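Please open the model in a viewer and keep the selection panel at hand. The tour below proceeds from one selection to the next.

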Amino acid sequence: MQRELSLSRAVQPSDRAPDDPSLVEALRRGEPDAFERLVLAYQHRVFSIALRVLGNRGDAEEVAQEVFLRVHRSIGRFRGEAKLSTWLYAITSRLCFNRLKSPGRGARQVGEAALDRIANGHADPGATLEAGEMEAALHRAIAELDDERRIVVVLRDLHGLAYEEIAAALELPLNTVRSRLHRARMELKERLERFWP
Amino acid sequence: MTCHKARDLFSARADDLLPAEQRVALDGHLQGCADCSRAWDRFSRTVSLLHSVTEARAPSGFAARVIGAARPEPWHRRLFRGVFLPLRVKLPLEAAAVVLVSTLVIFLYRESPEIERAIEAPRSGVVAPAAEAPATSAEVEQAQGYGQTAAAPAPAPAAPPAEERRRTLEGARGGARLEKKQEAAPAPAEPPAVGGRLDAAREVRAPRDQDVQAPRAKEIPKSVPSMPEPKAAARAQGPFHLMGLLRPKSPATLDAQLDDLVKQVGGILVRDADRVGPGSIVEVVVPRDAYPRLETGLRQIGDFTVETRAKAFPDQVRIGLRIAQ
């Protein structure tokens, strides 16, 4: 009962990640609530990246869970040269790529977020339909990007990572990140032409 | 600035990462090029749209599930998983291991008579051979009294005749050794029966006044011909009806003399070695009627002493003969 209360109290939305160095130290010391703090701080971001890359909520949840479990198992090997968040994104990206390459993976479900938003309702049904259609088209366009370009767009434009963070997470040269991002944006522009005046 | 070069700078311009000099140059090109201006407008709208996408939220209960999954499992679950899971791999392996061990046990059981006897002895009620443990003085006395020894192992039920004879002779030899060690123990004046097989401790422990010859006599077939066939004699089983000690006058010619004598009386001679000499124990089987001639001949060969003797001889008399110096 005490545990449930603790969890229910802890599972509150937290948009702001805790201070990485202190969290890393707490995780290394094996403090009981450190892992809980980590999950609560990064759960939405990790899940969101996985969802945008994989386009499927079930896959995204599995990958996000595996990301945290890997962190839990291997926190002792984290050297602390990069930020904890960068390490998390690196693990997330790698697991997403592995999932995308796994055999038997079915067609991606695209535009789930847009459909969710339509279902939740907007004040103006017309605006809702138009916004939903555009967002669905955007997600479809993102899903149709090459895997390597998609992950860069997701990290940069959907989650606001700096070029350097993306380069570190994906272990790519900075110029490669720049060129992939530019090509991805140009490709998306072409796919969304019909929505612009 | 060319249109191609201008469009390559769109991403850097959208992220505000363009140096001031390049930014001025790009803006100047966009003012003068309608196509690039329209392309930039659509590009910047696309990037703005991407930035407007809200972060997806993890499903309800996700954090609790992750935290629960990270908690260490109880030891008994880890043990169960370590032993049995994954079932498709470990069950066949464990079954194969059971079959392998069972086969090995059966093989060892069959190949090791000692194990077989150790298992069979309690089942059949036969006491384990006394050779494993020191015999008590009473047992030794009884063993001497009946011409038996506690050191003789119980024969396996399915032992071949040759093995049986070897054990018999070994047992007699063991009895001789025991006798030397227990010289102080008095020998009975007239034992009721002679036990040449020296096989089972049960027999060793039989009461002194019990006539063990009677049941043993049944073990010898009554329809044995007067001239024993070597094979039949070799197969003969049961106790010695007489145990004797022979001190030959001429050990060098003993083997030939014994051979001639046994042939003359119509018996057979079973040696425990290629050549009979001091320390040997031989088995002689003769018809009952021929025994007096055999005894006479033995006394001519050397100093012959009867140690134990059955009350009555059957048609075929089995004689154990210890050769001394």
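Select first the buried residues of helix α4 of chain B: C36(B), W40(B), F43(B), T46(B), V47(B) and L50(B). Buried here denotes 20 or more other C-beta atoms within 10 Å of the residue's own, exposed denotes 12 or fewer, and partly exposed lies in between, with C-beta atoms placed from the backbone. These residues all lie on the same side of α4(B), because they cover an arc of only 125 degrees around the axis; the arc is that of the directions from the helix axis to the C-beta atoms.

This is a predicted model, in which local features need pLDDT of at least 70 and side-chain atom pairs count only at pLDDT 80 or more, whereas totals for chains, interfaces and linings use all residues. Residues are numbered from 1 along each chain as its sequence is written, and chains are lettered from A and ligands numbered from 1 in the order in which they are written.

Now display the whole of α4(B), residues 34–52. Helices (H or I, at least four residues) and strands (E, at least two) are DSSP runs, numbered from the N terminus. On the face turned away from the buried side, α4(B) carries the exposed residues A34(B), S48(B) and S52(B).

Next, add what surrounds the buried residues of α4(B): they pack against α8 and α10 of chain A, together with α1 (3–8), α2 (10–14) and α3 (20–32) of chain B. Contact requires that C-beta atoms, placed from the backbone, lie within 7 Å.

Turn then to the boundary between the chains, where 33 residues of chain A are in contact with 23 residues of chain B. On the chain A side, α3 (34–54), α4 (57–74), α8 (147–158) and α10 (174–191) each supply at least two residues. The most comes from α3(A), with ten residues.

Finally, select the sheet of chain B, an open one of five strands with mixed pairing and the order β2-β3-β5-β1-β4. Two strands pair if DSSP finds at least two bridges between them. At the edges are β2 (268–270) and β4 (302–309) of chain B, each pairing on one side only. Within the sheet, β3 (residues 281–287) and β5 (residues 316–323) of chain B run antiparallel and are joined by seven bridges. Label I281(B) to find its bridge partner in β5(B), R322(B). Add helix α15 (residues 291–301) of chain B, which packs on the sheet and touches β1, β3, β4 and β5 of chain B.

Notes:
Two residues are in contact if their C-beta atoms, placed from the backbone, lie within 7 Å. Axes are lines fitted to C-alpha atoms, for helices over the stretch in contact, and angles run from 0 to 180 degrees between N-to-C directions. The expected span of a helix is 1.5 Å times one less than its number of residues.
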